[in-house]
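Colleague: I am new to this structure and would like a close look at a single part of it, namely the way its interior is packed. Could you take me through that part slowly, in one connected account?

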Amino acid sequence: MRAEGGPADRKARRAERRARADYTGGVYGSMLAASVVIGVGSLGSFPRFELVLVLLLTGVVFWIAHVHAHLFGARLARHAPDRRGILLVCRAEWPIVKAAVPPAAAVAVSPLLGLDVRGALWLALSVAVAGQVGWSVAAARRAGASRRLVAITASVNLLLGLLIISFKIFLTH
C-alpha cells in the first residue's frame, strides 16, 4: 500500500492541475505588457530599470485585481471564500504576472545586446507579442484543439499583436 501524499500522488495532482490549466491570464498578461511598453515608450526615453519595474508591478497589480474580482465578485454571492479557494484563484491568475517577466527580462538584458532604450522597447514589445501567441497556442493545445484551430488562434493573436505594434508606430511617428 502506498503512502498518501507520496511522489505518485503529487505527480498525479500536478498532472491534473496542468490539464485544468487556463492560459487566459497569460494571453491577457502578454497583451497588458505590450500595452505598458507602448505607453511607456510613447513618453520618450524611459530608464530601463523603471520600465522593468513598471512591467512587473503592473502585472502584479492586475493579478491582484483579477484575484479580487474572482473572489469577491461571483464567488462571494455564493459563499465566503476559504483559504483553499483563495489559493486556487491566486494560482489560476498567476499567469498574468508570469507573462510580464519575459518582456521585463528582455529590457534588463538589452544593454548586453547593445540596444539603446528605443531598441529595448522594441525588443520588449516583440517578446510580449511572442508570449501572447505562445500562451494562446499552449491554451489551444491544452484544450485538445485541432492543428487548424491552433493555427487560427495563433494567427488571431499574432494579428492582435501586430495591431498593438501599429499603435506603437502611430504613437511614436
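**Packing in the interior**

Modeller: In this predicted model, A34 is in contact with L125, A128 and I164, once its neighbours within four places in sequence are left aside. A34 also belongs to the largest nonpolar core, which has 18 residues, and it is listed with V37, L51, L55, V107, L125 and I164 as the members that touch the most others. At least two residues of this core come from each of α2 (24-41), α3 (48-72), α6 (95-109), α7 (117-142) and α8 (147-172), and α2 gives the largest share, with six residues. Apart from this core there is a second, separate one of six residues, with W63, L71, V89 and V97 among them.

Helix α2 also holds S30, which counts as buried because its relative accessibility is 1%, below the 20% cut-off. Not counting residues up to four places away in sequence, S30 touches A99, A128, G131, Q132 and W135.

Turning to a pair of helices, α3 and α6 pack with their axes 9 Å apart and at an angle of about 180 degrees, so α3 runs roughly antiparallel to α6. On the α3 side the residues that meet α6 include R48, L51, L55, W63 and H66, while those on the α6 side include I96, V97, P103 and V107. Sorted by class, this contact is made up of 15 nonpolar residues, two polar ones and one charged one.

Terms used
Residues numbered from 1 in each chain as written. Predicted model: local features only at pLDDT ≥ 70, side-chain atom pairs only at ≥ 80, totals over all residues. Heavy atoms only, no water. Core = buried A, V, L, I, M, F, W, Y, C linked by side-chain atoms within 4.5 Å. Buried < 20%, exposed > 50% of the residue type's maximum accessible area, 1.4 Å probe, protein only. Helix = DSSP H or I, 4+ residues; strand = E, 2+ residues; numbered from the N terminus. Contact = heavy atoms within 4.5 Å. Axes fitted to C-alpha atoms, helices over the stretch in contact; angles between N-to-C directions. Parallel < 35°, antiparallel > 145°, perpendicular 65-115°, else oblique. Nonpolar A, V, L, I, M, F, W, Y, C, P; charged D, E, K, R; others polar.
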